[in-house]
Structure formats: structure tokens, C-alpha cells
Amino acid sequence: MTAMNFRRARLLKAGIMGSGPVVYWMSRDQRTSENWALIFCQDIAIKNGLPLSVIFCLVPEFLGASRRHYSFMLEGLREVERKLDEMNINFFLLNGSPESEIPGFIDEHRASLLVADFSPLRISLNWKKEVAKQISIPFYEVDAHNIVPCWLSSNKQEYAARTFRPKIYRLLPEFLDEIPVLHRNSVCFEENSDNRWDAAEIYRTSTDEKRSAIRHIAPGEDAAKRRLRSFIQEKLSLYEKERNDPSKDGQSGLSPYLHFGHISAQRVALDVLASMKEPGSFLEELVVRKELSDNFCYYNSNYDSRLGFPDWSRKSLDEHQRDLREYIYTTEDLEKARTHDQLWNAAEREMTILGKMHGYMRMYWAKKILEWTESPAEALNAAIYLNDRYEIDGRDPNGYTSIAWSIGGVHDRAFKERPIFGKIRYMSYKGMRSKFDVQGYIEHVSRLEQISET
Ligand SMILES: Cc1cc2nc3c(=O)[nH]c(=O)nc-3n(C[C@H](O)[C@H](O)[C@H](O)COP(=O)(O)OP(=O)(O)OC[C@H]3O[C@@H](n4cnc5c(N)ncnc54)[C@H](O)[C@@H]3O)c2cc1C
């Protein structure tokens, strides 16, 4: 049996163990299989003959998440509950703010130890700080999302992919290991979890948005594994050639599952490597770019503000702030896809209606928002608002970092100076037309829209 490398865990707060269950506070990694935080908990539970419980704290408002996100998440969590039940592990769905719910649960059940999964986002770091202040049992954090724990891959904000890549590749032999399976727990926690799924349904069924449910992406860990299998069998060999062509379906489609933690990035990397010797560009995205995003958000608390941009780009954007804009759109114009550019409008609809814009279009989409709004700060706010509200994989370090890359030059270099963009890398409609079948993409989105409306 493979064992867990305990360097994946770190102690957030020392304390005295209680007599009740080991508690895993599941948050970012919403799966039962191949979840290092859960494996860590089970290891401690078995060694100490203790039961193991998993809790998830459902908050009514999370970074602008909408009905489509809650719906996707709740279906995934019900699957988690079913699978944990088969493993003799209780699952508790708490409703309310983690700062009060988690310490309350720990007190009530005399928990022995608390383990949380890792996220670099401010909201999650603050929750943990507040929870730590209120509990007296040991509190650990395990990075179950990244292959190399974020705090080990680098101890500072990396300048670019080229500075991060050698660091992460040096640590992959240590961390890209086989993942142990979860065992059926022998000691069961007697308490009945009796989850209030009916109360949670309110988030899923609210009618505030007309076209918000996403039906064509099935949530949950089983669906995630199916998606990975079909990507490897049918698309991986063409990924290099087709991933940047929005008129083709050449990407993996795994980001919603990775975002909600329905699948482990480590499993994806292991399976991809087992089926192809050198999946260069796919691993570059999945490992280097994705883990670099966590690095940026973790070490730069201004990850969603222009203050997080590098000095050269802030200076350059400031110098061009007053440049004449040929088109200026409000956030509402953008949201309703009411621009003069049919390619951009199709991308926007792909996101607002279908829930996932093609990766190559996302760069163009964000750069045009910079070009068509009053200021870089307004562009950044609009892009984050739309991305978080409509992308099923939104509210993710990948989103904040990629938007900061597109609008603020983060992890990028300075380019030849031009109006509005200053030294930020530019993308044009003409450039897009020379790279792929623009009309084919627009028609592809229209077809999908029609299917989704029937
Ligand atoms: C403006 C903008 C906004 C974005 N917003 C998000 C977002 O909210 N959530 C999100 O997960 N990604 C975001 N991305 C990054 C990227 O576009 C998506 O991860 C990718 O398109 C998701 O589709 P896929 O899983 O089919 O990708 P694939 O090409 O199959 O890639 C596999 C995985 O690699 C990772 N990956 C791919 N490209 C990147 C990248 N550029 N940076 C970091 N990781 C990457 C993702 O985890 C992805 O699921 C954004 C990019 C831009 C330019």
C-alpha cells in the first residue's frame, strides 16, 4: 500500500486532542476518492481508533456564485454523502458561516482534530484564521488540490511560468506519486447527520436568473472520471493541435471538475502520463499554469485588484488611461453581449448561456474588455464579475490570475507600446481570423445555444 507524504500537510494551530471524531472540513476538494485531506484524516483516525466525520459548510453567498454553481455543487455533494456512507463515514452539511458553524460543530461533538483542505483565496484564508482563534484542538491543513503543496513549490510570488517551471518540475518526482485508496472505516460515529438538503435546495432553485442552470455538464466525481477517460481516449493525442481552435472541441473540459475538486489534478496527470509519454502542452497547462495561479493568489493578496499588477504594467496602463477609446461599453452591455464584434458576442454567450467559454477565446474576451471600457480598473472589475458569475469554473485562482495576465500583464512580458494597452500584449480580431475559422466558431455557439434552449 502506498503511504501519504506528510509534507502535504501542515499544522495551522497546535492544540489538545478531544475524544470525538477526526473531522475533515471539506471545502475546495469536494470528492471522496484521491483526496489527500481525507486520506490524512483516515490515517490519523485508524492510528487512534477514532471515527471520522466530514463536514461541509454551505454559505449563502460565495464570491458571486449563482444558481448554476450551487446546483452543480449540491449535486456533487449529494454524491459525496452517498459515497462516504458506503465507507462508514458520516457527512454533515452545515448551513451558515464557517466562523461560527465549524467551532460549534467541534464543541458539540468533542472533535479530536480538525483538518481543512487548502485554498489560496482570501475568503478561505480568513475563515481558517477565524476558526483557529476559536478552537483548542489541533488544526491541520492539507493541500489536496495541487500536486505539489502550494507553500512548498515556491516560498514567494513567482515572476513568470519560466521561473516557476523548474521549481515545480524539481519537486514532481517526490509528489507525483500513486494515491492510496480510501478504506471503509471500522469505527463509526454514532451521531446521525440528518442533513437538511431541503434547506440547501433554495440556492439551487432560486429563479433570479433565467437561463442559469447548466444541463450539459454533469456534476460529480463519477462524471469527472468519465470525462477524463473520454478525453484520454478521444482527444489527448490531438490536444496540441486543436486546443487553441475554438471552432473545435479540443480541450479536456475538465476545469469545472477541477474547480469543484470533483477530480484530483494528480489523478489527471498520472492517467495522462500513463497513456502518453510526452503530453507536453497538456501538462504545462494542468501543472505549471494551474499551480502558478495558486502561487500568485497565495502570495499576492491583491490578486483581484490592479494593485496586484507588476510595476511596469501599472505604470504603462496609467500612462494610457486617457487614450481615446473607439468603443465604450457598460458592464450591462457586455453582459448582454451587445457589442459591435460578433466574435466577442459569441464568446460572451458561450459563457453566459453555456457556462464555459473556450480557453482561447477567454484571452481575446478579456483583452477586448480592457479596450472597450473607461479604465483598466473598470475592465478588471467587469471581467471578474462576469467570469465569476457565469463560468462554471469561475471564482478560481485560475480565473483571477488569467484575468490579471490578460489585462495587467501578470506573468507576461512587456510588448511594443500601443494606445490603451500600453505595453500589455494585444490581440486583434484580424489575428483571430488568421488563426481559426471565426465564422465556424460563431455558428458552433449558435447551434449549442439552440440545443440548450430546447
Ligand atoms: C480571461 C481568462 C479567464 C479564465 N478564467 C478561468 C476560470 O475562471 N477558471 C479556470 O479554471 N480557468 C480559467 N482560465 C484558464 C483556462 O482558460 C481554462 O482553465 C481552460 O480553458 C479550461 O478548459 P479545459 O479544462 O477544457 O482546459 P484544458 O486546456 O483541457 O486544460 C486542462 C486544465 O489545465 C488548467 N489550465 C488550462 N489553461 C490554463 C491557464 N491558462 N491558466 C491556468 N490553468 C490552466 C485548467 O485547470 C484546465 O482545466 C481563464 C483564462 C483566461 C484567459
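**Exercise 1. Find out how many residues surround the ligand, and which are the closest.**

Solution. Start at the ligand and look outward: 27 residues surround it in this predicted model. The closest are Y239, S252, G253, S255 and N387.

Next, sort the shell by class. It holds 8 nonpolar, 12 polar and 7 charged residues.

**Exercise 2. Work out which polar contacts the ligand makes with Q251, L254 and D393.**

Solution. A contact of this kind needs a pair of N or O atoms within 3.5 Å. Take the oxygen atoms of the ligand to begin with. A polar side-chain atom of Q251 is 3.0 Å from a ligand oxygen. With L254, a backbone N or O atom lies 3.2 Å from an oxygen atom of the ligand. Now turn to nitrogen: a ligand nitrogen atom is 2.9 Å from a polar backbone atom of D393.

Then consider how well the ligand is covered. Taken alone, the ligand exposes 830 Å², and the protein buries 93% of that.

**Exercise 3. Identify the helices that each supply at least two residues of the shell around the ligand, and say which helix gives the most.**

Solution. Going along the chain, you meet helix 10 (255-259), helix 12 (280-299), helix 16 (359-372) and helix 18 (397-408). Helix 12 gives the most, with 6 residues.

**Exercise 4. Explain why the ligand lies between two domains.**

Solution. Look at where the shell residues come from. Domain 2 (145-181 + 219-299) gives some, and domain 3 (302-453) gives others, so the ligand lies between these domains. To finish, check the space itself: what the ligand takes up is the largest pocket.

Conventions: Residues numbered from 1 in each chain as written. Predicted model: local features only at pLDDT ≥ 70, side-chain atom pairs only at ≥ 80, totals over all residues. Heavy atoms only, no water. Near = heavy atom within 4 Å. Polar contact = N/O pair within 3.5 Å; in protein donor to acceptor, adjacent residues only side chain to side chain. Areas by Shrake-Rupley, 256 points an atom, 1.4 Å probe, with all protein chains shown as cover. 1 Å grid on protein atoms, 1.4 Å probe; cavity = no way out; pocket = protein on both sides within 12 Å on 5 of 7 lines; lining within 4 Å. Sits in = over half its atoms within 2 Å of the grid points. Helix = DSSP H or I, 4+ residues; strand = E, 2+ residues; numbered from the N terminus. Nonpolar A, V, L, I, M, F, W, Y, C, P; charged D, E, K, R; others polar. Domains from an automatic or database assignment.
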